[in-house]
2 protein chains.
Amino acid sequence: MPRVGVREVLVEAAVTEFHRHGYAACSVDTITKAAGVPKGSFYNHFASKEHLGAEVVARYAAGSAWWQEVDPGLSPLQQLRARFRAVVDVLAESRFTRGCLLGNMGTEVADRSDVIREQVGTSLCQWSEDIVAILRAARAAGEISAGPDVERLGPFLLDAFQGAIMHSKVVKDVEPLEDFLSVVFDTVLR
Amino acid sequence: MPRVGVREVLVEAAVTEFHRHGYAACSVDTITKAAGVPKGSFYNHFASKEHLGAEVVARYAAGSAWWQEVDPGLSPLQQLRARFRAVVDVLAESRFTRGCLLGNMGTEVADRSDVIREQVGTSLCQWSEDIVAILRAARAAGEISAGPDVERLGPFLLDAFQGAIMHSKVVKDVEPLEDFLSVVFDTVLR
C-alpha cells in the first residue's frame with residue numbers, strides 16, 4: 001500500500017501549482033517536482049493528472065475561507081456578508097492574482113475534462129446550497145422579504161461573486177468585489 | 001508595407017483559435033497555420049503573440065452579439081434584456097462550450113500579460129458603460145426606481161453575467177443563464 005503521506009503531499013503541491021500556473025501549464029513532472037516525490041510514485045496514487053485535478057478542485061473548495069467559523073452572534077445576513085468578506089480578504093492578500101481555483105478550472109478545463117468539469121459543478125453546487133440555506137434563514141428571521149426565489153438567488157449570487165473575482169483579477173483591484181458586496185447587501189437583498 | 005489582408009486573416013484566425021483552445025495552447029505557429037499564411041509574416045504585423053492577443057480581445061468584444069441592432073420600439077429595460085438574450089443565444093449555439101473570450105482571457109492571462117489584461121479591462125469597461133447608459137434610460141423612463149446606484153449596478157450585472165457564463169460552461173446547460181435573466185429582471189431591477 002502506498003503511504004498516505006505522499007498522496008497528501010501531491011494534492012497540496014498541485015493545489016498551489018494549478019492555482020498559480022493553470023492546469024495545462026502543469027505537467028505530472030512539474031507537480032511531482034514541486035511535491036518533492038519521485039515522478040514514478042504519481043501513478044500509485046492517481047489514475048491520471050485529470051483525477052488529481054478533480055481532487056484538487058474538491059480540496060480547494062472544502063478549504064475555502066468561506067467555510068471558516070464566523071461569530072455565531074451574527075444574524076444570517078451578517079453571516080452571509082462575513083463569509084463573502086472572508087474570501088475577499090484572502091484574494092486581497094494575494095493582490096488579486098490567481099483568482100478562485102473553481103472559476104479558473106471551470107473556465108480553463110470545462111471543455112477538456114469531464115472528470116474535472118463535474119467536480120467543479122459539484123463544488124459550485126455545494127457552495128451555492130450553503131448560500132441558499134443562509135438566505136432561507138435570513139427570510140425566516142425577517143431580514144429579507146418573501147419576494148425573491150432563494151433557490152435561484154443563491155446560485156445567482158455565487159455566479160456574480162465568481163464574475164467579480166475574475167474582474168478583480170483583471171483590474172488588480174478590490175473595486176469589483178466591493179461593488180459586489182455593496183450591490184448585493186444594499187440593493188439586491190434589501 | 002504588408003498587405004492589410006494578411007493582418008485581418010491573422011486576427012480572425014486567432015479569435016477562433018484562442019476561443020477554442022485557450023491562449024497558452026496556441027503558438028504563433030498554430031495561428032499562422034490556421035490563417036494559412038507563412039509563419040514569417042506574423043512579425044510584419046504584430047510585435048508579439050501578446051499584442052495579437054490584445055487585438056483579438058478588442059475585436060471579439062466589438063463583434064459581440066450584445067451590440068447587434070435591437071428593435072427600437074423596445075423600452076430601455078426590454079432592450080437590456082434583448083441584449084443579454086442575444087449573447088445567451090450565441091452561447092447556446094455552441095452548446096455552452098468556449099464561454100466568453102473576455103472572461104476566458106481575463107481568467108487565463110491576467111497574471112501573465114499586462115497588455116492583454118489591460119485590453120480585457122477596457123473591453124469589460126466599455127460593455128458595462130453601455131449597461132449603465134441603458135439603466136439610466138430605464139430610470140428616466142420610470143422603469144426602475146431611483147434607489148440603486150446604477151454606476152455600481154452596471155458593472156455588477158456584467159460580472160454576474162460573466163459568472164453565469166462560466167457556470168453554464170461547467171454544467172453545459174443554459175440554466176445558470178436563465179437564472180441570471182430571471183433574478184435580474186424579476187428581482188434586482190424590480
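**Reasoning from values to terms**

Tutor: In this predicted model, ten of the 14 residues of H9(B) are buried, so H9(B) is largely enclosed by the rest of the structure.

Student: Which residues of H9(B) are buried, and what covers them?

Tutor: The buried residues are Pro176(B), Leu177(B), Asp179(B), Phe180(B), Leu181(B), Ser182(B), Val183(B), Val184(B), Phe185(B) and Val188(B). Their cover includes H8 and H9 of chain A, as well as H5 and H8 of chain B.

Student: How do you know whether the length of H9(B) agrees with the span expected at 1.5 Å a residue?

Tutor: The 14 residues of H9(B) should span 20 Å at that rise, and the end C-alpha atoms are 18 Å apart, which agrees.

Student: What does the corresponding comparison give for H5(A)?

Tutor: Helix H5 of chain A, residues 76–93, has 18 residues. From first to last C-alpha H5(A) reaches 26 Å, close to the expected 26 Å. Buried within H5(A) are Pro76(A), Leu77(A), Leu80(A), Arg83(A), Phe84(A), Ala86(A), Val87(A), Val88(A) and Leu91(A). These buried residues pack against H7, helix H8 (150–171) and helix H9 (175–188) of chain A. Arg95(A) follows H5(A) and has a positive phi, near 50°.

Student: Why is Lys49(B) called buried or exposed?

Tutor: The cut-off for buried is under 20% relative accessible area. Lys49(B) has 18% relative accessibility and therefore counts as buried. Lys49(B) is placed in helix H4 of chain B.

Student: With which residues is Lys49(B) in contact, leaving aside neighbours within four places in sequence?

Tutor: The contacts of Lys49(B) are with Phe18(B), Tyr23(B), Ala24(B), Cys26(B), Val28(B) and Phe42(B). As for Asp111(B), its C-alpha is 16 Å from that of Lys49(B), and the two are 62 residues apart in sequence.

Student: What makes the arrangement of H4(B) and H6(B) roughly parallel or roughly antiparallel?

Tutor: The axes of H4(B), residues 49–62, and H6(B), residues 101–109, come within 9 Å and cross at roughly 150°. Angles over 145 degrees count as roughly antiparallel. H4(B) and H6(B) are therefore roughly antiparallel to each other. From H4(B), the contact is made by Gly53(B), Val56(B), Val57(B), Tyr60(B) and Ala61(B); from H6(B), by Leu101(B), Leu102(B) and Met105(B).

Student: How many residues of each class does the contact of H4(B) with H6(B) have?

Tutor: This contact has seven nonpolar residues, one polar residue and no charged residues.

Student: What makes H7(A) oblique to H8(B)?

Tutor: The axes of helix H7 of chain A, residues 114–140, and helix H8 of chain B, residues 150–171, come within 8 Å and cross at roughly 125°. Since 125° falls outside the ranges under 35, 65 to 115 and over 145 degrees, H7(A) is oblique to H8(B). The crossing of H7(A) and H8(B) is left-handed.

Student: Which residues make the contact of H7(A) with H8(B), and how do they divide by class?

Tutor: H7(A) contributes Arg117(A), Val120(A), Gly121(A) and Leu124(A), while H8(B) contributes Met166(B), His167(B), Lys169(B), Val170(B) and Val171(B). By class, there are five nonpolar, two polar and two charged residues in this contact.

Student: Where does Arg98(B) lie, and what is its phi?

Tutor: Arg98(B) is in the loop between helix H5 (76–93) and H6 of chain B. The phi of Arg98(B) is near 70°, which is positive in a residue other than glycine. Most residues other than glycine have a negative phi.

Student: Why is Arg98(B) called partly exposed?

Tutor: Partly exposed lies between the limit for buried, under 20%, and the limit for exposed, over 50%. Arg98(B) has a relative accessible area of 26% and is therefore partly exposed.

Student: How is Lys172(B) classed by accessibility, and where is it placed?

Tutor: Lys172(B) also counts as partly exposed, at 26% relative accessibility. Lys172(B) is in the loop between H8 and helix H9 (175–188) of chain B, and its phi is positive, near 50°.

Student: What is the secondary structure of chain A, and how much of chain A is buried?

Tutor: Chain A comes to nine helices and zero strands. Buried residues make up 54% of its 190 residues. Along the principal axes, the C-alpha atoms of chain A fill a box of roughly 55 × 35 × 30 Å. Of the contacts in chain A between residues at least 6 apart in sequence, 66% join residues at least 24 apart.

Key: Residues are numbered from 1 along each chain as its sequence is written. Chains are lettered from A and ligands numbered from 1 in the order in which they are written. This is a predicted model: local features need pLDDT of at least 70, side-chain atom pairs count only at pLDDT 80 or more; totals for chains, interfaces and linings use all residues. Side-chain values use heavy atoms; hydrogens and water are left out. Axes are lines fitted to C-alpha atoms, for helices over the stretch in contact, and angles run from 0 to 180 degrees between N-to-C directions. Helices (H or I, at least four residues) and strands (E, at least two) are DSSP runs, numbered from the N terminus. A crossing is left-handed if the near helix is turned anticlockwise from the far one by less than a right angle, and right-handed if clockwise. Contact means heavy atoms within 4.5 Å. Ala, Val, Leu, Ile, Met, Phe, Trp, Tyr, Cys and Pro count as nonpolar, Asp, Glu, Lys and Arg as charged, and the others, Gly among them, as polar. The expected span of a helix is 1.5 Å times one less than its number of residues. Buried means under 20% relative accessible area, exposed over 50%, partly exposed in between (1.4 Å probe, protein chains only).
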